[in-house]
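Please open the model in a viewer and keep the selection panel at hand. The stops below proceed from whole chains to individual helix pairs.

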Amino acid sequence: MSEVRLQVVNLCKSFGITKAVQNVSFNINKGEVHALIGENGSGKSTLTNMLTGIYTIDSGKFILDGKEIHPANQVEANNEGVSIIVQEQGTLSGLTVADNIFLGHEDMFVKAGVKNTVAMHKKAAQLLEEYGFGRIKPYAMIDDYNFEDRKLVEIVKATYFDPKIVVIDETTTALSQEGREELYKHMERIKKQGNTVIFISHDLPEILDKSDTITVLRDGVYIDTVKSADVTEDDLKKLMVGREVSGAYYRTDYDEKISDEVVLEAKNLTVPGLIEDVSFKLHKGEILGFGGLSESGMHEVGKAVFGASFDRTGEVKLADGTQINDIPTAINHSIAYTSKNRDSESVVMNQGIGDNICLPSLKELANKLGFLSGKKMHDFSDKFAKEMSVKMVNVDQFVSDLSGGNKQKVVLARWIGKDSDILVLDSPTRGIDIKVKQDIYQLMDKMRKSGKSIVMISEELMELIGMCDRIIIMKDGKINGELARSRDMDENTLIGKMV
Amino acid sequence: METKTMTADQKIFSGQVKGYGMLIFLVFLSWLIFKLITPGNFGSGENMLTCFQASLLATVGAIGFYFVMVMGMFDFSIGANIMLSAIVGCIFATRIMGGMAEGSSGQLFGGYAGLILGALITGALVGLINGLLYVTLRIPSMIVTTGLALIYESVANFFAGGSSQVLPSNLRALGRMPGNIILAAIAFFVAYFILNYTKIGTYTYAIGSNEFVAKNMGINVRKYKVLAFVLSGAFLGLMAVLTISYSSSMLAETGMSSMSRNFVPTMGCFFGMAFKKYGMPLQAIVFGELIINIIFFGFIALGAPTAIQDVITGLALLIIITVTTKIEKGEIVK
């Protein structure tokens with residue numbers, strides 16, 4: 001029998017009246033990758049945030065190797081042998097790579113108050129070299145590196161001191177395949193050293209492939225702990241949702257003809273350094289997919305269509321001849337856009353759910369004199385938040401309190417409320433659980449059937465194959481092929497054009 | 001898409017070359033403009049050396065203020081701090097000298113010690129009060145320091161007895177070469193050392209970048225914010241020493257008149273913030289203050305009316321900061 005590393009005992013955490021974690025107890029063993037799964041808002045991140053000192057514990061305890069721990073912040077958690085790699089950016093701008101790696105632990109290089117920068121850079125260089133990230137220089141500013149490289153720095157930061165437990169919180173969704181492989185490699189290494197990885201992801205095949213044990217949470221309550229080898233994807237879905245996930249996941253139709261009516265045409269779109277000469281037509285009632293590697297330029301296409309790109313040339317034209325060159329024109333002509341970077345580009349974090357939903361519809365909500373009614377705004381946002389099943393106390397709740405999936409529901413509710421005819425959805429299911437994903441796919445299908453047109457940009461090939469009428473593959477900023485919806489299409493067909 | 005990628009080393013080098021290039025060009029340009037307009041009265045070597053010495057005053061204050069500004073805070077009590085520190089330093093120096101035997105070797109030493117320590121400690125204390133009230137009251141630093149500036153002005157006026165404090169003539173060596181250059185150089189290297197070779201520097205940037213993450217990294221954010229104000233105050237105390245040594249006296253005015261003293265160090269600090277991304281904030285402050293003083297000296301040489309001087313100086317500085325601040329496309333500026 002494996003030796004227990006961490007005991008989670010009767011753990012509770014509430015935010016106001018929302019019970020995020022309720023009396024959760026389970027064990028995590030040494031030398032395993034222990035996955036933590038559950039729908040958005042099930043309490044996974046809240047639990048690990050308590051373990052790493054980001055949140056305080058209301059009641060209950062963590063017992064690590066037989067000793068109760070109470071970290072007050074991440075450095076104290078590190079000192080107890082626990083570290084975390086977060087989903088969003090976890091490095092600090094304005095500091096060097098080495099400063100970021102050793103932030104909070106500088107004392108090992110400080111003598112008589114003086115920081116030995118040379119020794120710190122030397123140690124960081126040695127670590128980066130050992131991890132195979134030698135191209136990242138310890139003395140360079142972290143700002144000189146892209147998101148992916150900064151994540152690699154975080155891997156070093158979180159693991160160089162051989163912690164007993166490393167929490168990897170939905171990190172893989174932010175990484176390209178290459179970055180994921182690097183992360184998997186280090187997860188394996190940690191496991192081989194006899195240490196433990198707590199792995200949070202919504203990608204069930206990835207969970208089954210990379211973890212040894214899986215604990216399922218639902219609505220903040222512990223459901224079960226199972227061995228990965230003993231369960232299937234459907235078993236996990238059932239445990240997460242609490243019932244069979246019935247009905248079609250993706251679209252089931254294959255032979256529907258796309259309308260001839262063009263609602264939007266992009267001609268020779270170019271954004272220096274990002275995309276070049278991209279042209280396509282979007283038809284009424286069509287879901288047009290854009291796929292490719294993370295840096296292929298596909299994410300910029302969404303911004304370019306919405307008028308949000310800088311230095312864009314070429315044209316985006318609607319059926320009535322209207323040119324879309326800026327965001328207000330796009331919104332006024334019924335175009336919606338959801339960004340891949342949800343927290344920084346799509347939601348206003350420190351505002352209520354209601355305000356977020358009403359934001360683009362204020363003109364329609366105002367009376368003839370331009371005044372807004374609080375009741376009208378409340379009713380409007382409540383209607384669409386409920387339509388999207390946002391898990392909330394009420395629409396006055398701050399968006400910052402919501403889980404990733406619920407934030408995405410708020411973004412979609414905003415544009416459904418606006419009744420947009422053209423939706424540009426960049427990574428609409430990023431970091432979202434299986435049930436919400438299904439809801440979003442069904443919503444897209446419903447919209448398509450009602451004549452709305454969708455541009456879907458995604459790094460998840462299966463959802464592109466499952467949902468799109470056509471898929472445009474981007475490579476090095478250019479279109480590298482177009483594929484029509486087909487039963488025979490598989491991931492390899494797309495990958496062949498992506499790389 | 002194929003793009004030219006630079007190595008980290010190349011990025012650092014090219015950034016610094018670009019930064020120094022821009023600053024040297026701006027110094028030359030500001031000199032050239034006034035030299036062409038008024039060749040007889042402006043721009044000689046001697047004239048520029050005086051200009052450089054004048055710029056050292058605000059440089060010392062600005063490099064201290066940088067610690068506060070880079071953390072995202074502000075200080076409207078800079079001028080009041082300089083006024084109060086200079087007056088306390090002057091009173092200390094005079095009293096200590098008065099208590100010693102006339103002409104004795106210790107008298108001069110005591111005078112300088114009183115001047116420097118009096119101003120330095122007063123500046124640091126003002127910073128400490130600013131910082132403590134800011135973290136305790138949890139209201140914006142701008143509001144806290146504006147309120148406190150009024151109090152510092154009044155305290156300075158009370159200490160000075162309503163009259164101008166004159167620094168004894170034999171204690172003014174720090175107002176001229178080489179004393180002023182030595183003191184400014186010491187201040188520069190201390191600030192550079194703290195920023196680059198102590199935890200304070202790392203935490204200053206970490207808090208400025210993301211206070212929430214910094215807190216999660218175990219950094220005592222409140223403590224380091226107070227420390228930033230204390231450091232800023234101490235450097236402003238040194239600026240006060242240079243100021244009273246240069247101008248020989250200090251009048252403690254009230255009614256927010258100290259605000260006019262905020263402008264030059266603050267503008268220099270903006271240069272530092274603008275050139276932070278080139279990895280040379282303190283060097284940029286030195287150049288920035290020189291540019292500001294060249295513009296001031298140029299106007300004096302021209303004999304332009306004060307109102308016109310203010311309008312053109314304000315516009316020129318806005319243009320310089322706009323041109324030199326490399327804002328990324330889409331970057332939010334607040």
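The tour begins with conventions and then visits each chain in turn.

This is a predicted model, in which local features need pLDDT of at least 70, side-chain atom pairs count only at pLDDT 80 or more, and totals for chains, interfaces and linings use all residues. Residues are numbered from 1 along each chain as its sequence is written, while chains are lettered from A and ligands numbered from 1 in the order in which they are written.

**Stop 1: chain A**

Select chain A, which has 18 helices and 21 strands; helices (H or I, at least four residues) and strands (E, at least two) are DSSP runs, numbered from the N terminus. The C-alpha trace of chain A spans about 70 × 55 × 45 Å along its principal axes. Its radius of gyration is 24 Å, which agrees with the value near 23 Å that a compact globule of 499 residues would have; the radius is taken over C-alpha atoms, and the globule rule is 2.2 Å times the number of residues to the power 0.38.

**Stop 2: the two domains of chain A**

Colour residues 4–81 + 163–241 of chain A as domain 1 and residues 262–498 as domain 2; such bounds come from an automatic or database domain assignment. The centres of the two domains of chain A, taken over C-alpha atoms, are separated by 31 Å. Their contact takes 15 residues from domain 1 of chain A and 16 residues from domain 2 of chain A, where two residues are in contact if their C-beta atoms, placed from the backbone, lie within 7 Å. On the domain 1 side, the largest share, 3 residues, comes from helix α8 (residues 233–241) of chain A. That side has 5 nonpolar, 7 polar and 3 charged residues; Ala, Val, Leu, Ile, Met, Phe, Trp, Tyr, Cys and Pro count as nonpolar, Asp, Glu, Lys and Arg as charged, and the others, Gly among them, as polar.

**Stop 3: where chain A touches chain B**

Show both chains. How many residues does each chain give to the contact? Chain A gives 29 residues and chain B gives 26 residues. On the side of chain A, the elements that give two or more residues are α2 (74–80) and β8 (114–115) of chain A. The largest share, 3 residues, comes from α2(A). By class, this side of chain A divides into 11 nonpolar, 10 polar and 8 charged residues.

**Stop 4: chain B**

Now isolate chain B, with its 12 helices and 2 strands. Its C-alpha trace spans about 80 × 60 × 40 Å along the principal axes. Chain B has a radius of gyration of 21 Å, which agrees with the value near 20 Å for a compact globule of 334 residues.

**Stop 5: two helix pairs in chain B**

Select α3 (residues 78–98) and α9 (residues 221–247) of chain B, whose axes come within 8 Å and cross at roughly 60°. Axes are lines fitted to C-alpha atoms, for helices over the stretch in contact, and angles run from 0 to 180 degrees between N-to-C directions. α3(B) and α9(B) are therefore oblique to each other. The residues of α3(B) that meet α9(B) include Ile78(B), Ser85(B) and Cys90(B). By class, the contact of α3(B) with α9(B) has 9 nonpolar, 6 polar and no charged residues.

Next, add α7 (residues 199–209) of chain B; the axes of α7(B) and α9(B) come within 10 Å and cross at roughly 110°. That makes α7(B) roughly perpendicular to α9(B) (angles under 35 degrees count as roughly parallel, over 145 as roughly antiparallel, 65 to 115 as roughly perpendicular and the rest as oblique). The contact of α7(B) with α9(B) has 7 nonpolar, 1 polar and 1 charged residues.
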